[in-house]
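Me: I have a model open and would like to talk it through. Can we start with the overall layout and then go into details?

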Amino acid sequence: VGSIVLVSMILLTTLLFLMTSAAGISFFQKRIIVKSYFDNASGLKAGAPVDLEGVTIGEVSHVEITTDPARKLTPVEVVMKLSPHFRTSLHKDSIVSLSTTGVLGDTVVDINSQLATGPEIENGDELRTKDVPTIQDVVASSQATVKSVNEIMPKINDIVTSIDNGKGSAGK
């Protein structure tokens, strides 16, 4: 009975590792390690999926702040583990960006290789990044617009009141 339980636990553990690995990456398969640098992690966490044109091809290994003075503008280092099956689709000039799944979803890494024509990536390569506006950026930029509209509305209200009272050439 003990040996059956032990074998069952080993099989269950092996199946869990195989089923939960990202993008069909085998637990024992060697992965391609690449990194990118961002100015803001935007809530990205280790274990987040890495997508290529919307298809999950790996996961984020870790996210940390680098102390390298040359990285003052982009201090957040994101290390990714990618499946070697997609090596032919990934190029050294591919562009990496952070995006969210939906408006309030988790942050994921998105790699765009549509316009990339360089050589295939190698283990340890650094991929360029592109900043995309987040929902916080949109809200911050819309606040200035709302403030301007709030300043204009009383003036428009005065003009409409004057017209209603018959003042001016438009009111007559």
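**Layout and details**

Reply: From the N terminus on, the elements of the protein run α-β-β-β-β-β-β-β-α-α. This is a predicted model.

Me: How many helices and strands does the protein have?

Reply: There are three helices and seven strands.

Me: And what share of the residues is buried?

Reply: Of the 172 residues in the protein, 24% are buried.

Me: What is the strand order in the sheet?

Reply: The order is 1-4-3-2-6-5-7, in an open sheet of seven strands with mixed pairing. Strand 1 and strand 7 (128-129) are at the edges; each has a single partner strand, so one side of each lacks a neighbour in the sheet.

Me: Strand 1, then. In which sense do strand 1 and strand 4 pair?

Reply: Antiparallel, over seven bridges, with strand 4 covering residues 76-82. Ile-33 stands opposite Lys-81 in strand 4.

Me: Now strand 2. Do strand 2 and strand 6 run parallel or antiparallel?

Reply: Strand 2 and strand 6 (residues 107-112) run parallel and are joined by three bridges. Val-50 is opposite Val-109 in strand 6, and Leu-52 has Ile-111 as its bridge partner there.

Me: How many bridges join strand 2 to strand 3?

Reply: Four, and the two strands run antiparallel. Pro-49 stands opposite Glu-59 in strand 3.

Me: What lies between strand 2 and strand 3?

Reply: The two strands form a hairpin with two residues between them, and Glu-53 in the turn has a positive phi of about 55 degrees.

Me: Why bring up the sign of phi?

Reply: Because most residues other than glycine have a negative phi. Glu-53 is a residue other than glycine with a positive value.

Me: Is Glu-53 buried or exposed?

Reply: Glu-53 is partly exposed, with a relative accessible area of 38%. "Partly exposed" applies because the value falls between the cut-offs of 20% and 50%.

Me: Which other residue has a positive phi, near 50 degrees?

Reply: Ser-42, which is also a residue other than glycine. Ser-42 lies in the loop between strand 1 (32-38) and strand 2 (49-52). Its relative accessible area is 32%, so Ser-42 is partly exposed.

Me: Back to the sheet for a moment. How many bridges join strand 5 to strand 6?

Reply: Six bridges join strand 5 (residues 95-100) to strand 6, and the pair runs antiparallel. Within this pairing, Ser-99 has Val-108 in strand 6 as its bridge partner.

Me: Changing topic: how many aromatic pairs does a search of the whole structure find?

Reply: Zero.

Me: What lies over the face of Tyr-37?

Reply: Arg-71, at 3.8 Å from the ring centre.

Me: Last topic, the surface. Which residues form a nonpolar patch?

Reply: Val-1, Val-5, Met-9, Leu-12 and Leu-16 form a nonpolar patch on the surface, and together they have about 520 Å² of accessible area.

Me: Where is Val-1 found?

Reply: In the segment before helix 1 (2-20).

Me: Buried or exposed, for Val-1?

Reply: Val-1 is exposed, with a relative accessible area of 83%. That label follows because the value is over 50%.

Terms used:
Residues are numbered from 1 along each chain as its sequence is written. This is a predicted model: local features need pLDDT of at least 70, side-chain atom pairs count only at pLDDT 80 or more; totals for chains, interfaces and linings use all residues. Side-chain values use heavy atoms; hydrogens and water are left out. Buried means under 20% relative accessible area, exposed over 50%, partly exposed in between (1.4 Å probe, protein chains only). Patches are made of residues with over 30% relative accessible area and no salt bridge: like charges are joined within 9 Å, nonpolar side chains (Val, Leu, Ile, Met, Phe, Trp, Tyr) within 5 Å. Accessible areas come from the Shrake-Rupley method with a 1.4 Å probe; for residues, only the protein chains shown count as cover. A salt bridge is a side-chain nitrogen of Lys or Arg within 4 Å of a carboxyl oxygen of Asp or Glu. Rings of Phe, Tyr and Trp (its six-membered ring) pair if their centres lie within 6.5 Å; planes under 30 degrees apart count as stacked, over 60 as edge-to-face and the rest as tilted. A charge sits over a ring if NZ of Lys or CZ of Arg is within 6 Å of the ring centre and within 35 degrees of the ring normal. Two strands pair if DSSP finds at least two bridges between them.
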